[in-house]
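Here's a walk through one protein model, written for someone who would rather be at the bench. Have a look at the fold, then read on.

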Amino acid sequence: MKGRLLVAAVGVPLLLVILLVLPKAVTAVVMGLLCAIAARELLKTTGLLKKERMIIEAMVMAFAVPVWCFFGCPLRIGVPVILVFGLLEFTEALAAYPEVKFEGVLSALFAGFVIPMCLGSIVLLLTHDRGRHLVLIPIMIPFVADAGAYFTGYFLGKHKMAPVLSPKKTVEGAVGGVITGALSMVIYGLVMQFGFGLAWNYLSAALLGLTGSLVSIVGDLAFSMVKRETGIKDYGTIFRAHGGVLDRFDSVVFAAPVAALWMSLWPVLM
């Protein structure tokens, strides 16, 4: 417990500095590095892919995607690069078959492109005119919802939600997490309105908090499924007692693109 609290005491301020203080381009590069580490965790730690060169190629692609999200990438460049990445991974697999099978290629594509594209949504939010006020949202909702689910489940939890994948999660905890996530956006809105003088759409924000919390549960359970199927406890040790990048940001992976899309359709800042 002390180890987890110590990592949190250092990690939370560091995350705030990365998102709110550092130059935006530097934040994009840091996100790229985290995505590269996440790609290695998903492929190497789980044993889903054993060919080191394919893992490195996925890591390079994973680093590039969030950087593209910030600097922009024309379709005439992005599409060929993605195509080359896919062809390269399949060519490597064909040359190594049956050591590398179809599931290994799909894992590489997911780790190298899908996860970074989802987490890259955080960088996209940062590019908005008021990006500094929005960038915390896709991280805050899952983290607050997870805390709300933990405490609600601890005191009120009776019905198991996913007993095989995550035995400690309960339906009551999930409901508490969703409500907490929605409330967090209302409270955040009050800070934005009275602390920074920004007009806040409370209805949109509350529904985003609710939706983001639900999606974060899916992300959490999805990556728990991978751990269960591959027989690992944690994806990594970069955050010491908190595990790896995917252990900390699994619930953010799907919540981030939902938040970014939501902002473009029904902005919380008016």
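How far does α7 reach from its first C-alpha to its last? This helix has 20 residues and reaches 27 Å, close to the 28 Å expected at 1.5 Å a residue. The expected span is 1.5 Å times one less than the number of residues. Helices here are DSSP runs of H or I with at least four residues, numbered from the N terminus.

A quick word on ground rules. This is a predicted model, so local features need pLDDT of at least 70 and side-chain atom pairs count only at pLDDT 80 or more, while totals for chains, interfaces and linings use all residues. Residues are numbered from 1 along each chain as its sequence is written, and side-chain values use heavy atoms, with hydrogens and water left out.

**The core**

Back to α7: its buried residues are I137, P138, I139, M140, I141, P142, A145, G148, T152 and G153. "Buried" means under 20% relative accessible area, "exposed" means over 50%, and "partly exposed" is in between (1.4 Å probe, protein chains only).

I137 also turns up in the largest nonpolar core, which has 61 residues. A core of this kind is a set of buried Ala, Val, Leu, Ile, Met, Phe, Trp, Tyr and Cys residues joined through side-chain atoms within 4.5 Å. The residues with the most contacts inside this one are I122, I137, M185, W200, L208 and V268. At least two core residues come from each of α2 (24-45), α3 (52-71), α4 (75-96), α5 (102-126), α7 (137-156), α8 (171-196), α9 (202-230) and α10 (245-265).

W200 is a good place to zoom in. Leaving out residues up to four places away in sequence, W200 touches I137, M185, Y188, G189, M192, A205, V268, L269 and M270. A contact here is heavy atoms within 4.5 Å.

**Helix α8 and its greasy patch**

Now for α8. Its 26 residues should span 38 Å at 1.5 Å a residue, and the end C-alpha atoms are 37 Å apart, which agrees. After α8 comes G197, with a positive phi near 70 degrees.

On the surface, V171, V175, I179, L183, I187, V191 and F196 make a nonpolar patch of about 630 Å². Patch members need over 30% relative accessible area and no salt bridge, with nonpolar side chains (Val, Leu, Ile, Met, Phe, Trp, Tyr) joined within 5 Å and like charges within 9 Å. The areas come from the Shrake-Rupley method with a 1.4 Å probe. Two patch members in α8 are I187 and V191. I187 is exposed at 52% relative accessible area, while V191 is partly exposed at 41%. As you scan along the helix, remember that an α-helix has 3.6 residues a turn, so residues three or four places apart point the same way.

**Charged pairs**

Side chains of opposite charge can pair when their charged atoms come close. A salt bridge here is a side-chain nitrogen of Lys or Arg within 4 Å of a carboxyl oxygen of Asp or Glu. By that rule the count is six, including these three:

| Salt bridge | N to O distance |
|---|---|
| K44 and E52 | 3.2 Å |
| R53 and E92 | 2.9 Å |
| K227 and D247 | 3.1 Å |

Where do E92 and R53 sit? E92 lies in helix α4 and R53 in helix α3, so the pair ties together parts that are 39 residues apart in sequence. E92 is buried, at 8% relative accessible area.

The K227 and D247 pair links distant parts of the chain, with K227 in α9 and D247 in α10, 20 residues apart. Both partners are buried: K227 at 16% and D247 at 7%. Besides D247, the contacts of K227 include I232, K233, D234 and Y235, leaving aside neighbours within four places in sequence.

K44 and E52 join R40 in a network of salt bridges. K44 is partly exposed at 41% relative accessibility, and E52 is partly exposed at 30%.

**Two loops to check**

Which residues are joined by a cis peptide bond? Y97 and P98 are, with omega at about 10 degrees. P98 is in the loop between α4 and α5.

The loop between α9 and α10 holds H242, which counts as buried at 13% relative accessibility. H242 and L109 are 133 residues apart in sequence and 26 Å apart in space, C-alpha to C-alpha.
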